[in-house]
Each structure stands twice: as structure tokens, then as C-alpha cells.
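Work through the exercises below with the sequence and the structure open beside you. Try each task on your own before you read its solution.

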Amino acid sequence: MSYWIQRELTLPAARRGFHLVTRRIVEAIPELGEIEVGLLHVFIQHTSASLTINENADPDVRVDFETAMNHAVPESLPYVHTLEGPDDMPAHVKASMMGSSVSVPLKNGRLNVGTWQGIYLCEHRDQASSRHLVLTLQGKRAGT
């Protein structure tokens, strides 16, 4: 029998950059520990921040992500949408490139990711507000 649960998680405002949020996500949905096999879908309800899965050990990766994204999507382009500041439209482009969700397989009550993988909040604004995530868990509960 399939088991479904959905939770919302508010992350505090973070500075521009790439922030590991795996632990916060796992703590926000303790029912994950009951799942033998399943899937966790994480969706961000914003258009100027994104989510990704990548290297979780070396903090230099976070710096390099920010450098690469700023090179790929510079603020100096002649954007038309500028009402919310010079970092807003580049933030929208970066968020579209990176994506608004990640899906993570579950196995025996844990995220079934690689040893060096973690979930990142990719904050693309200079002065961001809190960010809201929707966590949808589906799977087969252990023992059912």
C-alpha cells in the first residue's frame, strides 16, 4: 500500500550562494524513517532561488558554483525586468537553469544518495527573504 505525506518547510533568509539544506529537510519529515522504498520530492515555491543535488563535502564547491553561475548569467546584461533590482532577473534565469525541484530515492528509511551528495538551496538574490519548500514523501512503509 502506498503511503503519502506532504509537509512545508520554511528556510530562514540566506545570503547569496549555495547552502546545504539536506539535514533541515530530513529533520522536517521524520516519517521518512518509516519508508522501506520510496521517493522524496522537494519543491521550492520561489522564482529567484533553486534546488540542486551535488558535492556535500568540500566547501570550495559552493564558491565555485557561485562563480560559475555569475559567469554564465552576468548581472551586466541589458535586462528589461529590473523593477526589483539588478540581481532579480539574473536570479530568475539562474533558477530556471538550476530547477525548482529535486527528487531523491529512499531506501530503508534514508535518502539513497551517493556518499558525497547533498541537497542545496541555491540562493540567487543579494537580499533574499525566507524560502518555502514543499516536501512530498511517497513510498512503501516498512512492514506493510
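**Exercise 1.** In which sense do strand E2 (residues 17-20) and E7 pair, and over how many bridges?

*Solution.* Keep in mind throughout that this is a predicted model. Begin with the two strands themselves: E2 and E7 pair in the antiparallel sense, and four bridges join them. Next, look for a pair of residues across these strands, where you will find that Phe-18 stands opposite Cys-122 in E7. Then turn to E4, which also pairs with E7 in the antiparallel sense, over seven bridges, and in which Asn-54 has Gly-118 of E7 as its bridge partner. Finally, consider the surroundings of E7: because six of its seven residues are buried, this strand is largely enclosed by the rest of the structure.

**Exercise 2.** Find the order of the strands in the open sheet of five strands, and name its edge strands.

*Solution.* Reading across the open sheet, the order is E1-E8-E3-E5-E6, and the pairing is antiparallel. The edge strands are strand E1 (2-11) and strand E6 (110-111), since each of them pairs on one side only. Inside the sheet, E3 and strand E8 (residues 131-141) are joined in the antiparallel sense by nine bridges, and across this pairing Leu-39 has Gln-138 in E8 as its bridge partner.

**Exercise 3.** Is His-46 buried or exposed, and which residues does His-46 touch beyond four places away in sequence?

*Solution.* First locate His-46, which sits in the loop between strand E3 (35-44) and strand E4 (49-55). The relative accessible area of His-46 is 19%, and because buried means under 20%, a residue with this value counts as buried. Leaving out residues up to four places away in sequence, His-46 touches Ser-130, Arg-131 and His-132. Two of these neighbours can be examined further: the side chain of Arg-131 makes a polar contact of 3.2 Å with the side chain of His-46, while the backbone nitrogen of His-132 lies 2.8 Å from a polar atom of the His-46 side chain.

**Exercise 4.** Describe the surroundings of Ser-48.

*Solution.* Ser-48 also lies in the loop between E3 and E4, and with a relative accessibility of 7% it counts as buried. Beyond four places in sequence, its contacts include Asp-88, His-92, Glu-123 and Arg-131, and with Arg-131 there is a polar contact of 3.2 Å between the side chains. As a last step, compare sequence with space: Ser-48 and Cys-122 are 74 residues apart along the chain, yet their C-alpha atoms are separated by 9.0 Å.

**Exercise 5.** Which residues touch the most other members of the largest nonpolar core?

*Solution.* In soluble globular proteins, nonpolar side chains tend to be buried together. Here the largest nonpolar core has 25 residues, of which Ile-25, Leu-40, Val-42, Leu-133, Leu-135 and Leu-137 touch the most other members. Among the elements that give two or more residues to this core are helix H1 (22-28), strand E5 (101-107) and strand E7 (117-123). A second, separate core of six residues includes Phe-18, Met-69, Met-98 and Cys-122.

**Exercise 6.** Which element gives the most to the lining of the largest pocket?

*Solution.* The largest pocket holds about 190 Å³ of space, and its lining includes Thr-22, Val-26, Arg-110, Leu-111, Gln-117 and Ile-119. H1, E6 and E7 are the elements that give two or more residues to this lining, and E7 gives the most, with three residues.

Notes: Residues are numbered from 1 along each chain as its sequence is written. This is a predicted model: local features need pLDDT of at least 70, side-chain atom pairs count only at pLDDT 80 or more; totals for chains, interfaces and linings use all residues. Side-chain values use heavy atoms; hydrogens and water are left out. Buried means under 20% relative accessible area, exposed over 50%, partly exposed in between (1.4 Å probe, protein chains only). A polar contact is a pair of N or O atoms within 3.5 Å; within protein, one must be able to donate a hydrogen and the other to accept it, and residues adjacent in sequence count only if both atoms are side-chain atoms. Contact means heavy atoms within 4.5 Å. Two strands pair if DSSP finds at least two bridges between them. A nonpolar core is a set of buried Ala, Val, Leu, Ile, Met, Phe, Trp, Tyr and Cys residues joined through side-chain atoms within 4.5 Å. On a 1 Å grid over the protein atoms alone, a cavity is a set of points where a 1.4 Å probe fits but cannot get out, and a pocket is an open set with protein on both sides within 12 Å along at least five of seven lines; lining residues have an atom within 4 Å of a point. Grid points are joined across faces, edges and corners, and a volume is the space filled by probe spheres set on the points.
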